[in-house]
Amino acid sequence: MKTTLFFLLSLSTFPSWAQNQEQQCVSALSRNFSQDMAVFYLRGNEVEEYDQLNPQKAIHVVDVLLKRESTCTIESLGPSLKTECKSFGANVVCEVRTNIGYFLVHRGSFGHFEHSVVWARWD
């Protein structure tokens with residue numbers, strides 16, 4: 001009985017913990033809720049090099065950004081990640097949709113291994 005009660009209480013606090021974690025992520029990315037969108041720059045030494053930007057690499061780039069800017073990780077944003085990449089000539093841009101907003105990831109195309117990441121809250 002005590003074990004069941006403890007388990008039920010643990011489950012009831014999980015959603016509030018997850019929501020609190022998401023609020024901490026938004027607070028960090030939005031500069032304490034002062035902006036709804038931000039642009040971040042990742043240097044070449046912050047992300048392990050790879051051949052081509054794809055959904056998995058875009059998720060990794062977002063994870064690196066989250067760890068740098070906040071106490072969050074990509075795993076703390078829930079299992080409902082959706083990622084889509086599109087080519088625009090020689091450039092690839094990926095959108096990573098999360099519970100706290102979306103991230104647009106672009107890798108520099110001028111021979112430098114650098115990324116720009118745009119984050120925006122959901123409307």
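This report walks through the disulfides, the sheet and the nonpolar core of a predicted model.

## The two disulfides

Let's begin with the cysteines. The structure holds 2 disulfides. A disulfide is a covalent bond between the sulfur atoms of two cysteines. With the bonded cysteines numbered in sequence order, the pairing reads 1-2, 3-4.

One disulfide links cysteine 25 and cysteine 72, with an S to S distance of 1.6 Å. Cysteine 25 sits in helix H1 (residues 2–29), while cysteine 72 belongs to the loop between helix H2 (55–69) and strand E2 (82–88), so this bond ties together parts that are 47 residues apart in sequence. The torsion about its S-S bond is about -120°, so the disulfide of cysteine 25 and cysteine 72 is left-handed. Both ends are tucked away: cysteine 25 is buried at 0% relative accessibility, and cysteine 72 is buried at 1%.

The bond between cysteine 85 and cysteine 94 has an S to S distance of 1.9 Å. Here the torsion about the S-S bond is about 105°, so the disulfide is right-handed. Its two ends differ in exposure: cysteine 85 is partly exposed, with a relative accessible area of 25%, whereas cysteine 94 is buried at 0%.

## Serine 70, in the loop after H2

Serine 70 is found in the loop between H2 and E2, which also holds cysteine 72. With a relative accessible area of 14%, serine 70 counts as buried, because the cut-off for buried is under 20%.

What does the side chain of serine 70 have close to its polar atoms? The backbone oxygen of leucine 66 lies 2.8 Å from a polar atom of that side chain. On the cysteine side, the backbone nitrogen of cysteine 72 lies 3.0 Å from a polar atom of the serine 70 side chain.

## The sheet and the helix across it

Now for the strands. Strands of a sheet pair through backbone hydrogen bonds, either parallel or antiparallel. In this model, 5 strands form an open sheet in the order E1-E5-E4-E3-E2, and the pairing is antiparallel. Strand E1 (37–42) and E2 stand at the edges with a single partner strand each, so one side of each has no neighbour in the sheet. On average, and ignoring direction, neighbouring strands of this sheet are turned by 20° against each other.

At the E2 edge, 7 bridges join E2 to strand E3 (residues 91–98), and the two run antiparallel. Lysine 82, for instance, has arginine 97 in E3 as its bridge partner. Helix H2 lies across E1, E2, E3, strand E4 (101–107) and strand E5 (115–120), and runs at about 100° to E1.

## The nonpolar core

The largest nonpolar core has 27 residues, and Leu66, Ile100, Phe103 and Trp119 touch the most other members. H1, E1, H2, E3, E4 and E5 are the elements that give two or more residues to this core. H2 contributes the most, with 6 residues.

Which residues does leucine 66 touch, leaving aside those up to four places away in sequence? They are Leu29, Thr71, Cys72, Thr73, Ile74, Leu77 and Phe103. Leucine 66 thus brings several threads of this report together: its backbone oxygen lies 2.8 Å from a polar atom of the serine 70 side chain, and its contacts include Cys72, which is bonded to cysteine 25.

Notes. Residues are numbered from 1 along each chain as its sequence is written. This is a predicted model: local features need pLDDT of at least 70, side-chain atom pairs count only at pLDDT 80 or more; totals for chains, interfaces and linings use all residues. Side-chain values use heavy atoms; hydrogens and water are left out. A disulfide is a pair of cysteine sulfur atoms within 2.5 Å. Helices (H or I, at least four residues) and strands (E, at least two) are DSSP runs, numbered from the N terminus. Buried means under 20% relative accessible area, exposed over 50%, partly exposed in between (1.4 Å probe, protein chains only). A polar contact is a pair of N or O atoms within 3.5 Å; within protein, one must be able to donate a hydrogen and the other to accept it, and residues adjacent in sequence count only if both atoms are side-chain atoms. Two strands pair if DSSP finds at least two bridges between them. Axes are lines fitted to C-alpha atoms, for helices over the stretch in contact, and angles run from 0 to 180 degrees between N-to-C directions. Contact means heavy atoms within 4.5 Å. A nonpolar core is a set of buried Ala, Val, Leu, Ile, Met, Phe, Trp, Tyr and Cys residues joined through side-chain atoms within 4.5 Å.
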